[in-house]
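I opened my notebook to look up three things: how two helices cross, where empty space lies, and how far to trust the model. The entries follow.

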Amino acid sequence: MMDGELGAFLRSRREALRPADVGFPSGPRRRTPGLRRAELATLAQVSVEYLTRLEQGRDTRPSPEILAALADALLLDDADRDHLHQLSTVGHSRQLCPHERASVARTVRPTVRAVLDGLRDNPAYVVNQLSDVLAWNDAFDRLARPLGLLDGSRPNLLWFTFADERARDHFPQWAELADQQVAELHRLRRGDPATDAFADRLARTVGAPFTDRWRRRPVAAPRTGVRGLRHPEGGLLRLAYETLELADDAHQRIVVHLPADAASAAGLDRLLGRRPGQLRAVAG
């Protein structure tokens, strides 16, 4: 799971594309899923040798024209196209600065903690690129601690989602959440060995539920939305969330939860010990 993301991403999308989607016969004698390299090379009008170098990570600087041709041949959507260009840009940057590696920040600035405290009416927390939960306010503590999410000395959202059996009970749309979290881990990989070590450790611990997603590389991770939560004390809640990227090089994000309907607002009021009506629903 080390460097070579550009090639691995291209290979994952090639293997996910059915031959019939691009006008090729499926045939009974295919030994590998999806398109063959030769078929993709024909569609994108590149040589098989060059495509092999790309997928094996021996060439990480394809031209914009080749990227566009590959994206068209693979029928990539907008999110995948953006991710492909991002991977190409990161690969170029690594060649220019081969010794530069991102580091995992596990401290939070005092001003960020003050922002969390200022959001006291709504559950909010800070995570880094590994999904370590670095800081949170009292409202999030009341929401998350009964779930078991804050157990241990270094709580981690991704680890909880995949390695803790309680997560599947708490999140009705668990599969969608798992996809989103793997997408975020991929999005924020910047050549940091700690990220790859974390992914390897999670893969060894939980196996296919994580490794299949890591290999498939979901990329459409929304920054906002509504997520269901079965809470042992608050009941069934629908929580809207907003993700705010912090303006520094620490790759940290603030995530804020708000009730998405009146019933969820009432449930959060009870859970947080608020008077009824103090929290207002923000979505239908």
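**Entry 1: a crossing.** I first needed a term. A crossing is right-handed if the near helix is turned clockwise from the far one by less than a right angle, and left-handed if anticlockwise. The model I looked at is predicted. In it, α2 passes α4 in a right-handed crossing. Which residues make the contact? From α2 I listed L40, L43 and A44. From α4 I listed A69, L70 and A73. I then sorted the contact residues by class: 6 are nonpolar, none is polar and none is charged. I also looked up the geometry. Helix α2 covers residues 37–44 and helix α4 covers residues 64–73. They pack at an angle of about 115°. Their axes lie 8 Å apart.

**Entry 2: the largest cavity.** Next I looked for enclosed space. I found 2 cavities of 30 Å³ or more. The largest cavity holds about 460 Å³ of space. Its lining has 27 residues. Closest to the centre are Y125, L157, L177, Q181 and R227. Which element gives the largest share of this lining? I noted α10, with 4 residues. Other elements supply at least two residues each, including β1, α7 (138–144), α8 (157–163) and β3 (224–231). Strands β4 (235–245) and β5 (253–259) do so too. By class, I wrote down 17 nonpolar, 6 polar and 4 charged residues for the lining of the largest cavity.

**Entry 3: the second largest pocket.** I turned to a pocket. The second largest one contains about 240 Å³ of space. I counted 16 lining residues. R13, D77, D80, R217 and V219 lie nearest the centre of this pocket. Two elements give two or more residues to the lining: α1 (5–16) and α10 (174–187). Helix α10 gives the most, with 3 residues. The lining of this pocket divides into 9 nonpolar, 1 polar and 6 charged residues.

**Entry 4: confidence.** Last, I checked the pLDDT. The mean for the protein is 85. I noted that 90% of the residues reach 70 or more. Where is confidence lowest, and where is it highest? Among the elements, I found the low end in helix α5 (residues 78–96), at a mean of 68. The high end is strand β1 (residues 124–127), at 97. I also marked residues 92–101, where pLDDT stays under 50. For that stretch the model has 13 contacts beyond four places in sequence.

Note on methods. Residues are numbered from 1 along each chain as its sequence is written. This is a predicted model: local features need pLDDT of at least 70, side-chain atom pairs count only at pLDDT 80 or more; totals for chains, interfaces and linings use all residues. Side-chain values use heavy atoms; hydrogens and water are left out. pLDDT is the predictor's confidence in each residue, from 0 to 100. Contact means heavy atoms within 4.5 Å. Axes are lines fitted to C-alpha atoms, for helices over the stretch in contact, and angles run from 0 to 180 degrees between N-to-C directions. Ala, Val, Leu, Ile, Met, Phe, Trp, Tyr, Cys and Pro count as nonpolar, Asp, Glu, Lys and Arg as charged, and the others, Gly among them, as polar. On a 1 Å grid over the protein atoms alone, a cavity is a set of points where a 1.4 Å probe fits but cannot get out, and a pocket is an open set with protein on both sides within 12 Å along at least five of seven lines; lining residues have an atom within 4 Å of a point. Grid points are joined across faces, edges and corners, and a volume is the space filled by probe spheres set on the points.
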